[in-house]
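Open the model in your viewer and keep the selection panel at hand. This tour moves from one selection to the next.

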Amino acid sequence: MKNKKLLIIALLVVVILIVASMSLFILNETKQSVVTRFGKPIRTITEPGLHLKVPLIETIHIFDKRFLEWRGDPSQVTTKDKRYIWVDTYARWHITDPLLFYKRLRDERGAMSRIDDVIDGETRTTIARHNLIELVRITNRDATVDPILDIDSSQLESIEYGRRGISKKILEASTERVQDLGIEILDFRIKRLNYVDEVQATVFERMISERKRIADQYRSEGQGEASRISGERQRELQRIQSEARRTAQEIMGRADAKAASVYS
Amino acid sequence: MANAEEFKKTVDVNAKKIIKGIVAVVVIILIASAFYVVQTENVGLILRFGKYSKTTLPGLHIKIPLIDKVYQVPVERQMKEEFGFRTTRAGVTSQHVRNYTSESMMLTGDLNVIVLEWIIQYRAEDPYNFLFRVRSPQVTLRDMSEAVMREVVGDRTLDEVLTVGREEVAMRVREQLQELCDEYQNGIRIKQVIMQNVNPPDAVKASFNEVNQAQQDREKFINQARAEYNRVIPKAKGQAQQTIQEAEGYASVRVNGAMGDVARFNAVLKEYEKAPEITEKRIYLETMNRVLPRVEQKFIIDEEGGGVLPS
């Protein structure tokens, strides 16, 4: 008899635990969720903590609440001034409306592929509309001239928008295209930007010839300065010698005259 | 039948023992899991039913088993990210691998290419944000750092970054990266940005060395000319002084000689004027005295006796 009672209590406890585990769920600090009833969205939960659901009938879909990473595929693009470059981009995004997100994109993978399409496309078209310099610089500051290297090394070209301006354009255009997907792109940036290999080779050649020019300029400056000093030396020498001779003659002449005047 | 009865009894006893044992183990596990240690460099963040409840400092603490979860964040540890290279073995002589050109190669404002290696040192200052605001904060920080470095370098000439601008670049990157971290609220405080190697690409390095060589050549040419100048001019100046001094000497001789002669003449003249005949005679005799001993053959001829030749 006693054993039977115990068995019943144990069974009851197990059943309660099972029901509780089916009707309670923990939402972590980093998560948010959508509750669906037979596939029909009922409510969204963004507050972390312990929550209730109807067992068997309601399903929960958990999504991340944090800022998520997105990394662009490094791709070859052409600028307006026909420079071939590799561009590598990144963005941060987060899920703002889990319900909309669930309906439109289902999961993160779906979101990633949509963001790929949107940002890669916008990047390509925006870059094609600007010169390379706009993608490199961010302000119109003037280059400081090196006091040792006192050569006007290539000056900085000025810009209209700059890298930040263009990034912002791409961000704005992309944001507009994802706003009905329940996500928001927070930040878009160009991470890396390099010449494609063939262009790089010609750039290196240009850099080498530029350095050669600077080296030649240095040497020629040195030789010029040396010649100037050597000329100065000649001039000084002749001036000193002739002045000494003149002074000596003057002194001797004065003495001769004095002697003559003394005798007469 | 008696056998079966006995068997049931032993099973009952055994079952009771097993259940007791299980309960004891569960209780011990629960008690043990109620304690946790936060390491010296960390803080512990307690999530109760997944919701953040409090932060605990290093030491021994108690939590509710199964319900509380502890996440430790190393807030005191200086963390480090390397760009363009990786330290494979840290130590007295650290070993590095440097073939991350895609990371280190970038464009400068004058559209040249530069290879730059740097280090970011940071701390997870706000553990809550570090854990819960951004997913994979380290990866995010790397992306941010690369983007910011390229922005700063993109606004400077190659020569600026290579020489005078190095420190300035590090400073700007630190500032702007911190701004970006604040914007992302990733809880990270950038402590230091350290520039490691800053070089032109390997393919053009030789030409950069040649510029250095040329710079030294320039100095050499100029110094040689200066040396020649310094060798010749002071000597010429001394020689000029010599010429002038010699002329002065000549002048003294000339003037003093003349003045002496005149003084002597005047003195004699005074005496002569007092007694002209006697003086004349004396001068004559003195002169003869001086002249005659030097003459080898002397002919004394009578004043009144006709010519020298026999008549």
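## Start at one valine

Select V148(B). Beyond its neighbours within four places in sequence, V148(B) is in contact with V173(B), Q176(B), L177(B) and L180(B). Show those residues together with V148(B). Keep in mind that this is a predicted model.

Now add V153(B). V148(B) and V153(B) are the residues with the most contacts inside the largest nonpolar core, which has 78 residues. Which helix gives the most to this core? Select residues 137-153 of chain B. That is helix α4 of chain B, and it gives the core seven residues, the most of any element.

Next, pick A244(A), A248(A), A255(A) and A240(B). They are included in a second core, separate from the first, with nine residues.

## Follow a helix of chain B

Select residues 202-274 of chain B. This is helix α7, with 73 residues. From its first C-alpha to its last it reaches 110 Å. At 1.5 Å a residue, 108 Å is expected, so the two values are close.

Where are the buried residues of α7(B)? Colour V204(B), S207(B), F208(B), V211(B), A214(B), R218(B) and F221(B), then carry on to A225(B), A240(B), A247(B) and A251(B). What do these residues pack against? Show α6 of chain A: the buried residues of α7(B) pack against it.

## Cross to chain A

Stay with α6(A), residues 197-263. On the side of chain A that touches chain B, α6(A) gives the most, with 38 residues.

Now select the whole contact. It takes 74 residues from chain A and 70 residues from chain B. On the chain A side, seek out the elements that give two or more residues. Among them are the strands β1 (24-27), β4 (49-52) and β6 (68-71) of chain A. Strands β8 (84-95) and β9 (183-195) of chain A belong to the list too, as does helix α4 (132-136) of chain A.

Colour this side by class. It has 35 nonpolar, 14 polar and 25 charged residues.

## Step back to whole chains

Show chain A alone. Its secondary structure comes to six helices and nine strands. Its radius of gyration is 41 Å, while the globule rule gives 18 Å for 264 residues, so chain A is more spread out than a compact globule. Turn it along its principal axes. Its C-alpha atoms fill a box of roughly 170 × 50 × 30 Å. Of its 264 residues, 29% count as buried.

Switch to chain B. Here you find eight helices and 11 strands. A compact globule of 311 residues would have a radius of gyration near 19 Å, but chain B has 56 Å. Its C-alpha trace spans about 210 × 45 × 40 Å along the principal axes. Of the 311 residues of chain B, 23% count as buried.

For each chain, draw the contacts with a separation of 6 or more. Residues 24 or more positions apart account for 71% of them in chain A. In chain B, such residues account for 64%.

## Last stop: confidence

Colour chain B by pLDDT. The mean is 89, and 97% of its residues reach 70 or more. Which element of chain B has the lowest mean pLDDT, and which the highest? Select residues 95-97 of chain B: strand β8 has the lowest, at 79. Then select residues 113-124 of chain B: strand β10 has the highest, at 95. For the complex, the predictor gives an ipTM of 0.84 and a pTM of 0.78.

Definitions and conventions: Residues numbered from 1 in each chain as written. Chains lettered and ligands numbered in written order. Predicted model: local features only at pLDDT ≥ 70, side-chain atom pairs only at ≥ 80, totals over all residues. Contact = placed C-beta atoms within 7 Å. Helix = DSSP H or I, 4+ residues; strand = E, 2+ residues; numbered from the N terminus. Nonpolar A, V, L, I, M, F, W, Y, C, P; charged D, E, K, R; others polar. Rg over C-alpha atoms; globule rule 2.2 N^0.38 Å. Buried ≥ 20, exposed ≤ 12 C-beta atoms within 10 Å, placed from the backbone. pLDDT = per-residue confidence, 0-100. Core = buried A, V, L, I, M, F, W, Y, C linked by C-beta atoms within 7 Å.
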